[in-house]
Amino acid sequence: MPSVDTGAPVRTGASPERFPSSPRRISLALFAMGLATFALLFSTQPLLPALSADFGVTPGQASWTVSAATVALAVAVLPLSALSERFGRRTLMTGSLTVAVAVALALPFAPNMEVLIALRALQGAAIAGIPASATAYLAEEVRPAALVGAIGLFVAGNSVGGMTGRVLTGWVAEGWGWRTGLAAVGALSLLCALAYRLLIPRAHNFTPASLRPAEVLNTVRGHLSDGLLVRLYTLGLLFMTVFGAVYTVVGYRLTSEPFGLSQGLAGSVFVIYLVGTVSSAAAGRLTGRLGRRGALYLAIGATATGLLLTLGDTLTAVLLGLVLVTAGFFAGHAVASGSVGRTARTGRAQASALYQMAYYVGSSLGGTLGAIAYHAAGWSATVAFSLTALVLAAGVTLYATRRAVVQRRLEVARTC
């Protein structure tokens, strides 16, 4: 069992004594952890056609191997963020990663779809302890000058893990079946977990807090009564609904006619995730030039254009469409999630946890409903469903724009 984090109370200032651990070592530890957890979280996504064929289930039913994990994560992230305040970030991260990897090693032996879905739900709940603790750990243990770089490397681990898990399982499954594909990503996550445990230093600046559920609930109620935060949560949900639908179903589209790609080649499409790393980094510059709502309009437009391109019957058109969908999604997600931290005056951990809840609920909705639409009427139905979510996102952003215009007029009127 991991030990509880202890350490001296946080002191003001940024003296070297307060941050004795190497920021590079911390960054590498969290990079390994992020790679492991996000490789695991979406590991069944490229395997859905194989699962449908093996278990004789529809795309909608197979999609629950992804949605069960993301729903469980969404449900567990808020209570686990509260537990990290009591027992320590490092303790919660270590325990969460240990359980997630243990479940990963059991997944290849699932005898049926029901057991596979149940194990994936357990895995998603375990993974929820990591986003609930990682950024708080970094903020407490890394000196301010190195914090941005440390967070950037953690996010990079998430992105690389999400891509690697999908590509690895796709190619291994093509040669040796989906069970071996899951075993391969389980072995990768085990190696990453061992690297994390060897590298992660004990906490020096964590001060345990008592668990006060009433205070947490009051904070959550305050966030949910803030109109701007609710709009940001809604945008995160809608963007992820689109992304979840597209990447859950795209494997079925690419392995079917007129493309007929192999399991490995279809899984390789997730390399496009690297586009998201670039567009996420560019989101800050876009916001600086266009403002938050301008950047959101651009992200929505790029995603919608990409969806329309994927309706083409050439592989080039589909891949270009996926590039635009990916770039637009990551830019919109970066703008919305970054705005949550700046908007919340108090209880930022809970504000971030609520965003993550909405985000992963969107992933679950998109994956399941997008797959149901595909099973009912093909790829065009999945695109129509996704475009509907984008129209709602544009409506939320337009409402915010109109409110801002009215507010400015009122302020001008007061000064006259």
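Two cavities of 30 Å³ or more are counted in this structure, which is a predicted model. In general terms, rolling a probe the size of a water molecule over the atoms shows where empty space is left.

The largest cavity has a volume of about 60 Å³. Its lining includes Gln45, Pro46 and Pro49, together with Tyr247, Thr248, Val250 and Gly251. Further along the chain, Gln263, Ala266, Gly267, Val269 and Phe270 also belong to the lining of the largest cavity. Two helices, α11 (227-255) and α12 (263-267), each supply at least two residues of this lining. The largest share comes from α11, which contributes four residues. In terms of residue class, the lining of the largest cavity comprises seven nonpolar and five polar residues, with no charged residue.

The second largest cavity has a volume of about 50 Å³. Among the residues that line it are Phe42, Gln45, Val66 and Arg166. Met240, Phe243, Gly244, Tyr247 and Thr248 also take part in the lining of the second largest cavity, as do Tyr273 and Ser363. Here, too, α11 provides the largest share of the lining, with five residues. By class, the lining of the second largest cavity divides into six nonpolar residues, four polar residues and one charged residue. Because Arg counts as charged, the charged member of this lining is Arg166.

The two linings may also be read side by side. Gln45, Tyr247 and Thr248 appear in the lining of the largest cavity, and Gln45, Tyr247 and Thr248 likewise appear in the lining of the second largest cavity.

Key:
Residues are numbered from 1 along each chain as its sequence is written. This is a predicted model: local features need pLDDT of at least 70, side-chain atom pairs count only at pLDDT 80 or more; totals for chains, interfaces and linings use all residues. Side-chain values use heavy atoms; hydrogens and water are left out. On a 1 Å grid over the protein atoms alone, a cavity is a set of points where a 1.4 Å probe fits but cannot get out, and a pocket is an open set with protein on both sides within 12 Å along at least five of seven lines; lining residues have an atom within 4 Å of a point. Grid points are joined across faces, edges and corners, and a volume is the space filled by probe spheres set on the points.
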